[in-house]
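Hi! Here are my notes to go with the structure, written so you can follow along while you turn it around on screen. Take the points in order and find each residue as you go.

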Amino acid sequence: MKKSLLIFIGILMYTMPMFGQSVAIKNNLLYDAALTPNIGLEFGISPKSTINVHAGYHPFELGSDKQMKHWVVQPEYRYWLCDKFNGTFLGIHAHGGEFSIHNMKLPFGFLSQLEDHIYEGYFYGAGISIGHQWILSRKWSIEATVGAGYARIDADKYPCVECGKKIKSDSYNYFGPTKASISFIYFLR
């Protein structure tokens, strides 16, 4: 057992230098603006490919009569047109999560049905994305990404925050924007 552990540690120490700028920690500033704590990790898997996994969790109530609790996970494969973590990339992402939205008024009348009802449910789907990363220093970068795709939304509708029986359960097919980020990035190596 000890010999196997020493061999594993030796291999790990030998291969560590090969992972230069291969792991990054990210924070999506757009999620921060929506008061959603979030973290992302991106791993280099080849000279022009990375795997990015981002997660956000919003457990807070926005007042006595408003709520937008949710969690979301969005893994993504990225192909970089230059080198990984530098310049423009194309991506394929999946997404999934759960939500509980009460009495929310969104700008421009978007989803106006959220104003007078509770919606609780989950979603899953996939899409494509494009983005660009700007290197600030050896350890820091900024990235902007947009994406579009499909989401299947299954939700239960209730009449108000603290009263009433479920009005209906429904499923929706959504096509449109599925990803937007402006991320601050720190490289672990």
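1. Start with the parts list: the chain has two helices and eight strands. Keep in mind that what you have here is a predicted model. Walking along the sequence, you meet the elements in the order α-β-α-β-β-β-β-β-β-β.

2. Now for the chain as a whole. It has 189 residues, and 33% of them count as buried. Its accessible surface is about 11300 Å², and carbon and sulfur atoms make up 69% of that. As for how the chain comes together, take the contacts between residues at least 6 apart in sequence: 58% of those link residues at least 24 apart.

3. Next, look at strand β1, which covers residues 23-28. Which of its residues sit on the covered face? Those are A24, K26 and N28, while V23, I25 and N27 make up the uncovered face. Try colouring the two sets in your viewer and you can follow the alternation along the strand.

4. Strand β1 also has partners. With strand β2 (residues 38-46) it pairs in the antiparallel sense, over four bridges. To find the spot, look for V23, which stands opposite F43 in β2. Strand β8 (residues 168-187) runs antiparallel to β1 too, and five bridges join the two. Here the pair to look for is A24 and F187, the latter in β8.

5. Let's zoom in on V53, which you'll find in strand β3 (residues 49-58). Is V53 buried or exposed? Its relative accessibility is 33%, and buried would need a value under 20% while exposed would need one over 50%, so V53 counts as partly exposed.

6. What does V53 touch, leaving aside residues up to four places away in sequence? The answer is I39, G40, L41, V73, Q74 and P75. Take I39 from that list: it is 14 residues from V53 in sequence, and the C-alpha atoms of the two are 8.5 Å apart in space.

7. On to charged side chains. How many salt bridges does the structure hold? There are eight. One of them joins R78 and E76, with N and O 2.8 Å apart. Both of these residues are buried, so they fall under the 20% cut-off for relative accessible area.

8. A second salt bridge to check is the one between D154 and R152, where the closest N and O atoms are 3.9 Å apart. Why do its two ends get different labels? The relative accessible area of D154 is 14%, so D154 is buried. For R152 the value is 23%, so R152 is partly exposed. The cut-off of 20% falls between those two values.

9. Finally, look at D170 and K168, whose side chains meet in a salt bridge at 3.5 Å, N to O. D170 is partly exposed because its relative accessible area is 30%. K168, at 37%, counts as partly exposed as well. Elsewhere, salt bridges that share partners tie K26, E42, E76, R78, E143 and K179 into one network. You have met some of those names already: K26 is on the covered face of β1, and R78 and E76 are the salt-bridged pair from point 7.

Conventions:
Residues are numbered from 1 along each chain as its sequence is written. This is a predicted model: local features need pLDDT of at least 70, side-chain atom pairs count only at pLDDT 80 or more; totals for chains, interfaces and linings use all residues. Side-chain values use heavy atoms; hydrogens and water are left out. Buried means under 20% relative accessible area, exposed over 50%, partly exposed in between (1.4 Å probe, protein chains only). Contact means heavy atoms within 4.5 Å. Accessible areas come from the Shrake-Rupley method with a 1.4 Å probe; for residues, only the protein chains shown count as cover. Two strands pair if DSSP finds at least two bridges between them. A salt bridge is a side-chain nitrogen of Lys or Arg within 4 Å of a carboxyl oxygen of Asp or Glu.
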